[in-house]
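Trainee: Could you take me through this structure and show me how its features are read?
Mentor: Gladly; let us look at it together and take one feature at a time.

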Amino acid sequence: MKSFAMRHQGLVKEDNQDLFFVKEFDDGCILLAVADGLGGMVGGKRAAEIAKECLKNFNPQCQVVEAHIEELMQEANRRIMKTVEKEPDLEGMGTTMTAACVRNGTVCWAHVGDSRLYLFREDELRQITEDDTMAGFLLSEGELTKEEARIHPGNKFVFQCIGGSGEFEADTGNFKIQAGDLLLLSTDGLHDEVPEEEIVSALRSDNDLEEKTEDLLSAALAAGGKDNIAVVMVEV
C-alpha cells in the first residue's frame, strides 16, 4: 500500500483547524484519519489535536477494530470536556473525525461529523460515510441530490461531533478491499467545494498518488478555498 496526505489553510481563514493522521505498523496495518476542528479558531484546533493525539494509542492487535477506534474517539471526547471544565472560554469546541484502519484486506472505519471516507474502485467513487448534517439527512431521505446537498446551507449545520455537547454516537463499519482500490479521506474543505465529478476526474487520471492528492487540493483552492482542507489517500 502507498499513502499520501496533505493539508492546507485555504485562502480565507486565518488558521488551519484541519488535521490528518497516518500511521503504519510493523505488521502492515495502517491507520488513517482526518479531523476538522469546530467551535472557534483556538478551540477547534485544540479539539482536533486532542482527537489526533488519542489515535496514537491505537492497538493494531485489537479484536474489533472499528469499536476500538470509536473508543479512542470517546476518550478524545472525555479529554475535550475536561479541557473545557478547566478553560470555560473554550466551551463548545469540538471536532469531526473520520478514521479508517486497513488490515488484512479489510477497511474498518469509524466516523462522526461531516468529514468523509470514500472508496474509488474501477473508475467509480463511492461515499462510505454519511454526513451528520441537515443536508446529509435530506440526501439520505432522497430530498436532495448529491450536488444539491453539496451547496445546501444545511451542510454547515453539524448534528454531532467529538466534544461540542459532550455526547455522540459514531457510525462504524467495514468492507473488503482489492488491488487497484483507492481510499480517500477528506474534510469538507474539499468535498463541499469541489463537485464529485471533478474529484472522480482527478482520481481517474494516470498521475501518481501524490499528484492526485495535489490535484484535489488545487481544485478546492480554485473553487475559492473558503475552508481549511485535509486529504489522505491510500492506494492498494
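Trainee: How much space lies in the largest cavity?
Mentor: In this predicted model, the largest cavity holds about 50 Å³ of space, and a search of the whole structure finds one cavity of 30 Å³ or more.

Trainee: Which residues line the largest cavity?
Mentor: The lining is made up of R116, D131, A135, G136, L139, A149, R150, N155 and D192. Sorted by class, these comprise three nonpolar, two polar and four charged residues. Helices α3 (134–140) and α4 each supply at least two residues of that lining, and α3 gives the most, with three residues.

Trainee: Is R150, one of the lining residues, buried or exposed?
Mentor: The general idea is to compare the relative accessible area with a cut-off, and buried means under 20%. R150 has 14% relative accessibility, so it counts as buried. This arginine is found in helix α4, which covers residues 146–151.

Trainee: What does R150 touch, beyond residues up to four places away in sequence?
Mentor: With those sequence neighbours left aside, R150 touches N155, H191, D192, E193, V194 and P195. For D192 there is a further detail, since its backbone oxygen lies 3.1 Å from a polar atom of the side chain of R150. D192 and N155 also appear beside R150 in the lining of the largest cavity.

Trainee: How many disulfides does a search of the whole structure find?
Mentor: A disulfide is a covalent bond between the sulfur atoms of two cysteines. In this structure the search finds zero disulfides.

Trainee: Why is C29 not bonded to C101, the cysteine with the closest sulfur?
Mentor: The cut-off for the pair of sulfur atoms is 2.5 Å, and the sulfur of C29 is 3.3 Å from that of C101, which is therefore too far for a bond. Seen from the other side, C101 is in no disulfide, and its nearest cysteine sulfur is that of C29. Both cysteines are buried, C29 with a relative accessible area of 1% and C101 with 0%.

Trainee: Where does E122, which has a positive phi although it is not a glycine, lie in the structure?
Mentor: E122 sits in the loop between β6 (116–121) and β7 (124–127), and its phi is about 50°. D123 belongs to the loop between β6 and β7 as well, and has a positive phi of about 70° although it is not a glycine either. As for accessibility, E122 is exposed, with a relative accessible area of 68%, whereas D123, at 40%, counts as partly exposed.

Key
Residues are numbered from 1 along each chain as its sequence is written. This is a predicted model: local features need pLDDT of at least 70, side-chain atom pairs count only at pLDDT 80 or more; totals for chains, interfaces and linings use all residues. Side-chain values use heavy atoms; hydrogens and water are left out. Helices (H or I, at least four residues) and strands (E, at least two) are DSSP runs, numbered from the N terminus. Buried means under 20% relative accessible area, exposed over 50%, partly exposed in between (1.4 Å probe, protein chains only). A polar contact is a pair of N or O atoms within 3.5 Å; within protein, one must be able to donate a hydrogen and the other to accept it, and residues adjacent in sequence count only if both atoms are side-chain atoms. Contact means heavy atoms within 4.5 Å. On a 1 Å grid over the protein atoms alone, a cavity is a set of points where a 1.4 Å probe fits but cannot get out, and a pocket is an open set with protein on both sides within 12 Å along at least five of seven lines; lining residues have an atom within 4 Å of a point. Grid points are joined across faces, edges and corners, and a volume is the space filled by probe spheres set on the points. Ala, Val, Leu, Ile, Met, Phe, Trp, Tyr, Cys and Pro count as nonpolar, Asp, Glu, Lys and Arg as charged, and the others, Gly among them, as polar.
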